[in-house]
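Here is a short report on one protein model. Keep the structure in view as you read.

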Amino acid sequence: FTTFCLSIALLACGTPTISPASVSEFQTLENPVTFPDYKNATYLIEGSFITLTDGVFEMEAVPGSATKITTRYFGNEAIGDLNNDGKNDIAFLLTQTTGGSGTFFYLVAALQTTSGVEGTNAIFLGDRIAPQNTSITNGMIIVNYADRNPGETFTTQPSLGISKYFKIEKNILTEIQNP
């Protein structure tokens, strides 16, 4: 009954709206209200361009095959200016499965442009890793994850802490060996 009365009151008075000034008060790096749709952009993975649709891309492993290669948005987003143009960009992880037991993790970035976003190339991080967090500091992407020690099988839980560093150079995502 209370919900019904509240609904009637909202209909009679109108629903609350957020003014443009209110939206900017809530817009932060953690909550980018107007960030372009990077889950529907094109990225370069292992020499092939893939275009995500709602965060997913799927294709036949070979023509006529029932086996699919699926690329999927994983998350671990980090937001910050990666190409020094004053606009927030976003870095995040994708996974790719090819029909076997592997789940391959990649880092990509979406650079904000005047017409939307431009996806970068992907950099392979590992197979069946355990992502921890991704951050952007002074234009550099830092990805932390757990992997297996050399010689350990994939049945072993990842326990070796890894930190890798990346930057954008001429709109190309590159790994930094000695940050």
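Strands here are DSSP runs of E with at least two residues, numbered from the N terminus. M59 is found in one of them, strand β3 (residues 56–60). The model is a predicted one.

## The whole chain

The protein has two helices and twelve strands. The order is easy to follow. From the N terminus on, the elements run α-α-β-β-β-β-β-β-β-β-β-β-β-β. The protein has 179 residues, and 34% of them count as buried. Its exposed surface comes to about 10600 Å². Carbon and sulfur atoms supply 54% of that surface. Now take the contacts between residues at least 6 apart in sequence. Of these, 40% join residues at least 24 apart.

## M59 in β3

Back to M59 in β3. Is M59 buried or exposed, or in between? M59 counts as partly exposed, because its relative accessible area is 37%, and partly exposed covers the range between 20% and 50%. Leaving out residues up to four places away in sequence, M59 touches T67, K68 and I69. Look at I69 again. I69 is ten residues from M59 along the chain, and their C-alpha atoms are separated by 5.4 Å.

## The hairpin of β1 and β2

In a regular strand the side chains alternate between the two faces of the sheet. Strand β1 (residues 42–45) shows such alternation. Y43 and I45 point to one face and are buried. T42 and L44 point to the other face and are not buried.

Which way do β1 and β2 run relative to each other? They run antiparallel, and four bridges join β1 to strand β2 (residues 48–51). Y43 has I50 as its bridge partner in β2. Two residues lie between the strands of this hairpin, where E46 takes a positive phi near 50 degrees.

## β9, β10 and β11

β10 has partners in two strands. Seven bridges join β9 to β10, and the two run antiparallel. Across this pairing, N133 stands opposite N144 in β10. Seven bridges also join β10 to strand β11 (residues 160–169), again antiparallel. There, V143 has K164 in β11 as its bridge partner. How many of the eight residues of β10 are buried? Seven are, and β10 is mostly covered.

β9 and β10 form a hairpin with two residues between them. N138 sits in the loop between β9 (130–137) and β10 (140–147). Its phi is near 50 degrees, a positive value in a residue other than glycine. N138 is exposed, because its relative accessible area is 80% and the exposed class starts over 50%.

Another residue deserves a look here. N76 lies in strand β4 (residues 68–80). N76 is not a glycine, yet its phi is positive, near 55 degrees. N76 counts as partly exposed, at 23% relative accessibility.

## N121 in its loop

Where is N121 placed? N121 is in the loop between β7 (116–119) and β8 (123–127). N121 is buried, because its relative accessible area is 18% and buried means under 20%. A polar atom of the side chain of N121 lies 2.8 Å from the backbone nitrogen of L173. Neighbours within four places in sequence aside, N121 is in contact with L44, L107, V108, I172 and L173. One of these, L44, belongs to the face of β1 that is not buried.

## Salt bridges

How many salt bridges are counted? The count comes to three. The table gives each pair with its N to O distance.

| Pair | Distance (N to O) |
|---|---|
| D127 and R128 | 3.0 Å |
| R148 and D147 | 3.6 Å |
| E169 and K167 | 2.9 Å |

How covered are these residues? D127 is buried, with a relative accessible area of 12%. Its partner R128 is partly exposed, at 24%. R148 counts as buried, because its relative accessibility is 10%, and the cut-off for buried is under 20%. E169 counts as partly exposed, at 38% relative accessibility. K167 is partly exposed too, with a relative accessible area of 32%.

How values were computed:
Residues numbered from 1 in each chain as written. Predicted model: local features only at pLDDT ≥ 70, side-chain atom pairs only at ≥ 80, totals over all residues. Heavy atoms only, no water. Buried < 20%, exposed > 50% of the residue type's maximum accessible area, 1.4 Å probe, protein only. Polar contact = N/O pair within 3.5 Å; in protein donor to acceptor, adjacent residues only side chain to side chain. Contact = heavy atoms within 4.5 Å. Pairing = 2+ DSSP bridges. Areas by Shrake-Rupley, 256 points an atom, 1.4 Å probe, with all protein chains shown as cover. Salt bridge = Lys/Arg side-chain N within 4 Å of Asp/Glu carboxyl O.
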